[in-house]
Amino acid sequence: MKPLLSNQVALVTGGGRGIGQAICLELAKNGSYVIVNFRSDRKSAEQTLGLILQTGGKGETVCFDVTDPMETEKNIDALLKCHGTIDILINNAGVAADSLFVLMSSEEWTQVLNTTLQGFYNVTKPVLKQMVTKKRGFIVAISSVSARLGHRGQTNYSAAKAGLEGACRSLAAEVARLGIRVNVVAPGLIETEMIQDFPREMIKQIIPMGRVGLPEEVARVVRFLCSDDASYITGQVISVNGGMI
Ligand code: NDP
């Protein structure tokens with residue numbers, strides 16, 4: 001049987017580790033050529049590519065910081081020249097800089113918003129242009145349960161992720177008739193470096209399923225949204241959070 005995503009070129013921002021790595025592996029396993037973006041952690045990105053190649057997949061790594069508009073556009077233009085297309089875009093790169101609002105520095109506020117929101121703009125715009133021309137494409141952004149549920153110390157992160165969800169809903173409406181689907185996956189607590197300081201004793205209290213999620217459990221939903229199995233789904237936020245409501 002033909003793989004679900006064969007002949008698709010996918011770009012995953014922040015694809016070197018955590019949820020991004022799991023998405024890269026899942027898309028590659030399903031036949032996509034996967035471009036693994038990283039900002040600083042070259043070693044992890046190369047390990048991700050190594051895992052893709054070991055399992056018979058194809059891909060490459062590319063270094064750019066999504067907050068830098070010129071560097072991002074230059075790299076995406078080069079990728080488009082080389083491959084002729086980017087069919088799947090996963091806006092996964094994200095950072096947290098938790099602090100109580102009264103103590104939050106302007107840098108902590110700006111870094112989180114820049115990565116999530118400015119990063120979404122910088123990456124999506126050049127990728128979308130060629131999707132519009134081809135009248136086909138799949139965009140998924142990784143938000144968070146924090147977009148919807150308030151958490152102490154996360155005003156910057158919640159604002160960024162809620163903004164991302166709003167941007168995706170509007171973009172989905174703009175491009176729906178052009179054959180481009182835009183969706184959001186909103187994970188709860190997922191076992192990656194990002195939650196290494198989270199107090200484990202709270203997990204059973206706040207997650208109805210009583211455990212954190214695995215990156216692969218997010219990646220499988222992303223893969224579904226990028227496939228024709230999700231052909232009538234756009235502008236949606238799909239939660240992957242063990243029942244946090
Ligand atoms: P990690 O901290 O493990 O990984 C973050 C990734 O983002 C890294 O690969 C990093 O690349 C990349 N990144 C950060 N800033 C930039 C940038 N400016 N340009 C390019 N890449 C960048 O996080 P997770 O895997 O946990 O998180 C992935 C996404 O999922 C994020 O958007 C996060 O907000 C979201 N999320 C995570 C949850 C969790 O519980 N883990 C819960 C809800 C949402 P490099 O190392 O090269 O800098």
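Student: What does the side chain of Asn183 sit next to around Ile233?
Tutor: A polar atom of the Asn183 side chain lies 2.9 Å from the backbone oxygen of Ile233, and the backbone nitrogen of Gln236 also lies 2.9 Å from a polar atom of that side chain. A polar contact here is a pair of N or O atoms within 3.5 Å; within protein, one must be able to donate a hydrogen and the other to accept it, and residues adjacent in sequence count only if both atoms are side-chain atoms.

Student: Before we go on, what kind of model is this?
Tutor: It is a predicted model, in which local features need pLDDT of at least 70 and side-chain atom pairs count only at pLDDT 80 or more, while totals for chains, interfaces and linings use all residues. Residues are numbered from 1 along each chain as its sequence is written, and side-chain values use heavy atoms, with hydrogens and water left out.

Student: OK, and is Asn183 buried or exposed?
Tutor: Asn183 has a relative accessible area of 2%, so it is buried (buried means under 20% relative accessible area, exposed over 50%, partly exposed in between, with a 1.4 Å probe and protein chains only). Asn183 is found in strand β6, residues 180-187; helices (H or I, at least four residues) and strands (E, at least two) are DSSP runs, numbered from the N terminus.

Student: Switching to the ligand: which residues come nearest?
Tutor: Of the 30 residues around the ligand, Arg17, Asn92, Tyr157, Gly188 and Thr192 come nearest, where near means that one of the heavy atoms of a residue lies within 4 Å.

Student: And which polar atoms face the ligand's oxygens?
Tutor: Among them is an N or O atom in the side chain of Lys161, 2.9 Å from an oxygen atom of the ligand, and a backbone N or O atom of Ile19 lies 2.8 Å from a ligand oxygen. The protein covers 96% of the 890 Å² of accessible area that the ligand has on its own (Shrake-Rupley method with a 1.4 Å probe; for residues, only the protein chains shown count as cover). The elements giving two or more residues to this shell are α1 (18-29), β2 (33-38) and α5 (155-175).

Student: How many salt bridges are there?
Tutor: The structure holds 9 salt bridges, each a side-chain nitrogen of Lys or Arg within 4 Å of a carboxyl oxygen of Asp or Glu. In one of them, the side chains of Arg17 and Asp41 meet at 3.4 Å, N to O. That pair links distant parts of the chain, 24 residues apart, with Arg17 in the loop between β1 and α1 and Asp41 in the loop between β2 and α2 (42-54).

Student: Which residues share a network with that pair?
Tutor: Salt bridges that share partners join Arg17, Asp41 and Glu193 into one network.

Student: What about Glu26 and Lys29, how do they sit in the helix?
Tutor: Glu26 and Lys29 are separated by about one helical turn because they are 3 residues apart in helix α1, and their side chains meet in a salt bridge at 3.6 Å, N to O. Glu26 is buried, with a relative accessible area of 7%, whereas Lys29 counts as exposed at 65% relative accessibility.

Student: Last one: where is Asn7, and what is its phi?
Tutor: Asn7 lies in the segment before β1 (9-12) and has a positive phi of about 65 degrees although it is not a glycine. At 70% relative accessibility, Asn7 counts as exposed.
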